[in-house]
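This report covers strand pairing and nonpolar packing. The structure comes before the text.

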Amino acid sequence: MLLIHCPYCEEDRSELEFRWAGEAHVVRPENIAAISDEEFAEFFFLRNNEKGLTYERWRHIHGCGRFFNAARDTVSDRFLMTYKAGLPKQPVPVAEKFAAIAEEKSVETWEQTEGDAR
Amino acid sequence: MRKYSVFAIAREALRAHKGWEAQWTSPEPRSSYDVVIVGAGGHGLGAAYYLAKEHGITNIAVIEKGWLGGGNTGRNTTIIRSNYLYEESMDIYEHSLKLWEGLSQDLNYNVMYSPRGVMMLSHNIHDQQSFKRHINANRLYGIDNEWLTPEQAKAFVPVLDISKTARYPINGAALQRRGGTARHDAVAWGFARAAADRGVHIIQNCEVTGIRRGPGGEVQGVETSKGFIGAKKIGVSAAGHSSVVMEMAGVRVPLASNPLQALVSEPMKPIFPCVVMSNTVHAYISQSDKGELVIGAGTDQYNSYSQTGGLQIITHTLDAICELFPMFRRVKMMRQWGGITDNTPDRSPIQGVTPVPGLFVNCGWGTGGFKATPGSANLFAHLIARGEPHKLAAGLTLDRFRTGRLIDEAAAAAVAH
């Protein structure tokens, strides 16, 4: 289960409180009746399905109820950043972030979590 | 290739089993092939086999990043059925089911196809109406499917809880008796052995990193971790990684890659005679020939290539399993794993030509590709050999998202299926 930081509540909460809401920063055509079938298919059906860094929307449906954006690595499922809806696509220092992730232990062990508490 | 038979077993028994030969070879790649297939799962290996057997094309390489059958072919819950709603779906899944029936003989390899019946539980009036619609559509199309009362369902699966006080009461079920299971690894191995016997090269541990195109845009071959391999035609059958591979040729496909999980229990004596699915409470379960309960869970909500999924997803499925079959409450689960499914917006597969000359795609089988393995492979081979789809797969084109002729099994089933 993912641990997700809601940029409005400013808290890390469990994935159970959130609903995935698809690719972020998709722009709806202003003249949707005038665009060609190809353009409509692209807008309506084609989504980035990146292996690696992806930008996506989430909704804190069982919390504040608000949509926000996230940058996530689809290989490790790690969140690199979350930010408020309406902000432009935030750059992620990918190489540094990924290096940091590689250094972190990717598996939560008992020693790491319960061990500390004890 | 030496045929497998009772005489072969007897012969080898007398010589301490020293005469069994390798089932397929692992050759170094040639500099070029007539056809390169990306992805050595059941669909890709099967396509190579049918290209060699039915279309006389044997200069083929099947290129695989990992080991053959190690992706979704080895990770699914092995359910086979053809009781879909729309004609385009019924065409392809029924074609596949008919091939399953003779596959062991055809491949000279026991794929352990077991038509033990697939039962889909109905829990409410909506389920009942939807299933009866499916049953009527199937029967009008010549596909077996029948309605059972709760008592008849219980007679078929005695461990089912049909009491009125059950957490998930059952008001009937749809049963496809020809549906069932098969041994997933044997399907990959059987196709690999039969294809290799006809001269197909299976190149494992070789990752495709690019698709090279000529001046006219046509494909020229693939860049791989073992160097460039030329190809007149390329068939992409890469399941969860299809959009990654297609992107190498500049083709975007409407796919979302999501983790789907499954798990097996400790082995038990035979207790469970068929496959039971419940779309409404999301559980499906069967018992393997080893005795393990094989349980399928749902997909995670987000795109991922991690081949793992959230624990809450399998917990949710096990909640439902324990309510439907109270006697399994104390069974221990032994293993759990995830695979990456490639889901289309209408939850129907894509098989067809692409805007790139010489590039063909077979993807989007989502959460239900195993049952389609022989049929999909057979029709994909036809597509690659002829350059145009077989009439049974004519509706599965990539172009349907432009024309709007969707095959909306997503709405028909109301869940990932």
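## Pairing of strand 13

Two strands pair if DSSP finds at least two bridges between them. Helices (H or I, at least four residues) and strands (E, at least two) are DSSP runs, numbered from the N terminus. This is a predicted model, in which local features need pLDDT of at least 70 and side-chain atom pairs count only at pLDDT 80 or more, while totals for chains, interfaces and linings use all residues. Residues are numbered from 1 along each chain as its sequence is written, and chains are lettered from A and ligands numbered from 1 in the order in which they are written.

Strand 4 (residues 118-122) of chain B runs parallel to strand 13 of chain B, with 3 bridges joining them; B:M120 lies opposite B:M277 of strand 13. Strand 13 is also joined by 3 bridges to the antiparallel strand 14 (residues 283-287) of chain B, where B:I285 is the bridge partner of B:V276. Strands 13 and 14 of chain B form a hairpin with 4 residues between them, and B:H282 in the turn has a positive phi of about 50°.

## Burial and cores

Strand 13 (residues 275-278) of chain B is covered on both faces: B:V275 and B:M277 on one side, and B:V276 and B:S278 on the other, are all buried (20 or more other C-beta atoms within 10 Å of the residue's own, with C-beta atoms placed from the backbone).

The largest nonpolar core (buried Ala, Val, Leu, Ile, Met, Phe, Trp, Tyr and Cys residues joined through C-beta atoms within 7 Å) has 116 residues, and B:V36, B:A48, B:I60, B:V62 and B:M119 have the most contacts inside it. Domain 1 (26-109 + 183-254 + 346-413) and domain 2 (118-177 + 257-343) of chain B, with bounds from an automatic or database domain assignment, both give residues to this core, so it lies between them. A second, separate core of 10 residues includes A:I4, A:C6, A:F68 and A:L80.

Technical notes:
Buried ≥ 20, exposed ≤ 12 C-beta atoms within 10 Å, placed from the backbone.
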